[in-house]
Amino acid sequence: MGFEVITSPPTNQEILELGLTACVDGACLPLKAFVGHVRFLVNRGLELLFVPQAISVVPGEYTCTNLLGLPDLVQQYIPSSVRLLSPALDARKGAGKISFSYLRCGLEFASALRVLKAWQTAQAAQRQVDTAPKANGSTGRGLNILILGPRYLTDDAYLNGDLMGKLAALGVQVTAAAAFPDSITLPASRSLAKRPFWTSMRRSLGALEHCLHRVDGVISLAPFACVAEAMQGVMVAERTAKTECAHLELHVDEHSSPVGLVTRLEAFCDLLERKRRG
Amino acid sequence: MGSKSKPVYLGVDVGSVSTNFVLLDAEAAGASVVWKKYLRTQGAPLVALKTGLAHMAQEGSWRIVGVGATGSGRELAGVVLGADVVKNEITAHATAALSYDSNVSTILEIGGQDSKLIILRDGVVVDFAMNTVCAAGTGSFLDQQAHRLGIPIDEFGQVALRSTSPVRIAGRCTVFAESDMVHKQQLGVDIADIVAGLCQAMVRNFLSSLAKGKELLPTVFFQGGVAANAGMRRFFEETLAQPIYIPEHYDVMGAIGIALLAAEALAEGHKPTRFLGLESVLRSEVAAQVYECQRCPNACEISEIWRDGTFLASWGARCGRQGRADQTS
């Protein structure tokens, strides 16, 4: 559409620090990191900041309340010279509403034809990201682990303490639940007693149902003090206990020492290995 | 002690509060402890390591045929000693408990900075939980409170047992627990009842944060430094309504377990030990250096270990770099 686009790099100490020093204390770690990214970009000089208000991205579901309020939160941390562009994405009245919001938002800046082409390009790029998930890591010990948790945590190596890298070093294959497309997780979540409201939780639980008998263990990754994830942790624990699938809950916060994380992962992999050997 | 150069396995558990050493008789089956030492780490694991080894050299003549390191300082200890096995403390604690009783199904472990619950079935660890973010309800907290009340930590448990009606203390958070205790003290509540209330709160906190939804089947072991506290043991027994066993060497179980794992690994691999030798470790000057790496915006905290001016190892870099700070690649 003719914009010059600036993106922030993957989360690092500098970005997180920017978030920690400014963001309200009660916010979860990913939210603080998000504010850090925003402040980082503002320092680079920009005119428009694109933070969509994701109310619902799948019909019949909501995103978490923190995501819902994201534009309002971000507004506090940007100078008046920066304009916040936040189209409301609300799929509750049909998935088509989301395209409509994006297109209408674009019309202010370019002709209908250009906006339409940009939207198609963006969708093609998104489909590339959303293709079937690949297991990463190492096949060294022949162990498979499913990681549950929202994508903004499982994909952020800085926030999750390089969980994937550490597991790979321990000789384990890892698949992230968040990488499963809705075409798999939606049908899989139908066997749940009740469909969760929140999209990220439904994706995690759907992926769990899909993978339960194909993996050796499950790790739930959650930000400390995240209510939805705390609830999900209990549901996952109940489900895995019934099938005797090993389950580890990890909470991430601002600690900088990786020792505690390594201890848990090491012990968990030992456990899986000994279990498999019988 | 004193038998000429007895072959032994050395197990070292470098924890945040204590650094523990054991020597296991290499000729006996299972865990036969011939020497042990429980030292305060006092924030200086390298000093504690050397002090422990110096005591060991003084108190007997040993031939060390294998070394294992565990605890949060295990990497450091592993490099300094030349350990054959470096493993996490959960596996170590479970191994030690199993060597005492192969029927153990539940291990309650409360150490200085963390507490753990380990669930075993048929001799295999099937589940575990560690307290996550804070150190409320661990040994450090008990230490602090004992100090504040002017009761030596060794007598803390006995004082708790004298109580006839323990008062209720908030156990969720150290800060709340402390203010609760101060309030009760000001009301003139007997010190024994406060101490007992605190022990009860710690038991409650342990079970609600770690044992949620888990089945604690017999046999139950209680180990770690806090197992010395008779009050804690009694309240665990009352709450779980079953006997709790405290192994003889409850305070050094991690070190015992890792020594057993070292013995197992060396027997499997038919390899000689990589131990650097008692004299060589005691004679050398080992220094640790911690700094923030400035190579990229991640600013990782790197720990470097140097012996007699020679670089040994470093860790902590997210990028996996192993080199020295002053080297370019």
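Hi everyone, let me start with one residue: apart from residues up to four places away in sequence, A:T240 touches A:L208, A:L212, A:V218, A:C245 and A:H247. Please keep in mind that this is a predicted model. On the chain, A:T240 sits in helix 11, which runs over residues 227–243 of chain A. Is A:T240 buried or exposed? Its relative accessible area is 2%, and buried means under 20%, so A:T240 counts as buried.

Now let's step back and look at chain A as a whole. Chain A contains twelve helices and nine strands. Its radius of gyration is 20 Å, close to the 19 Å that the globule rule gives for 278 residues, so chain A is as compact as a globular protein of that length. If you follow the C-alpha trace along its principal axes, chain A spans about 65 × 40 × 30 Å.

How much of chain A is buried? Of its 278 residues, 45% are buried. The area that chain A exposes is about 13,900 Å², and carbon and sulfur atoms supply 55% of that. Then there are the charges: chain A has 28 positive and 25 negative side chains, and the centres of these two sets lie 8 Å apart.

Here is a number I like about contacts. Take the contacts in chain A with a separation of 6 or more: 73% of them are between residues 24 or more positions apart.

Next, the domains of chain A. Domain 1 covers 13–129 and domain 2 covers 136–277. Their centres, taken over C-alpha atoms, are separated by 26 Å. How many residues are in contact between the two? There are 18 residues of domain 1 in contact with 18 residues of domain 2.

Two more residues in chain A are worth a visit. A:P223 is in strand 8, residues 217–223, and at 2% relative accessibility A:P223 is buried. Its C-alpha atom is 9.0 Å from that of A:G149, although the two are 74 residues apart along the chain. Leaving out residues up to four places away in sequence, A:P223 touches A:C28, A:L29, A:P30, A:L153, A:E229, A:H251 and A:V252.

The other one is A:L16, in helix 1, which spans residues 13–22 of chain A. A:L16 has 10% relative accessibility and counts as buried. Which residues does A:L16 touch, not counting those up to four places away in sequence? They are A:L29, A:A33, A:Y158 and A:L159. You may recognise A:L29, as A:P223 touches that residue too. A:L16 is also 8.3 Å from A:V35, C-alpha to C-alpha, with their positions 19 residues apart in sequence.

Let me finish with chain B. Chain B is divided into domain 1 (6–95 + 254–283), domain 2 (101–247) and domain 3 (285–329). The centres of domain 1 and domain 3 of chain B are 25 Å apart, taken over C-alpha atoms. Between these two domains of chain B, eight residues of domain 1 are in contact with nine residues of domain 3.

And where is B:H249? B:H249 lies in the loop between strand 10 (244–245) and helix 9 (253–269) of chain B. At 10% relative accessibility, B:H249 counts as buried. Its contacts, leaving aside neighbours within four places in sequence, are B:V33, B:K36, B:Y100 and B:I256. Thanks for listening!

Notes: Residues are numbered from 1 along each chain as its sequence is written. Chains are lettered from A and ligands numbered from 1 in the order in which they are written. This is a predicted model: local features need pLDDT of at least 70, side-chain atom pairs count only at pLDDT 80 or more; totals for chains, interfaces and linings use all residues. Side-chain values use heavy atoms; hydrogens and water are left out. Helices (H or I, at least four residues) and strands (E, at least two) are DSSP runs, numbered from the N terminus. The radius of gyration is taken over C-alpha atoms; the globule rule is 2.2 Å times the number of residues to the power 0.38. Buried means under 20% relative accessible area, exposed over 50%, partly exposed in between (1.4 Å probe, protein chains only). Contact means heavy atoms within 4.5 Å. Accessible areas come from the Shrake-Rupley method with a 1.4 Å probe; for residues, only the protein chains shown count as cover. Lys and Arg count as positive and Asp and Glu as negative; His and the chain ends are not counted. The place of a charge is taken as NZ of Lys, CZ of Arg, CG of Asp or CD of Glu. Domain bounds come from an automatic or database domain assignment.
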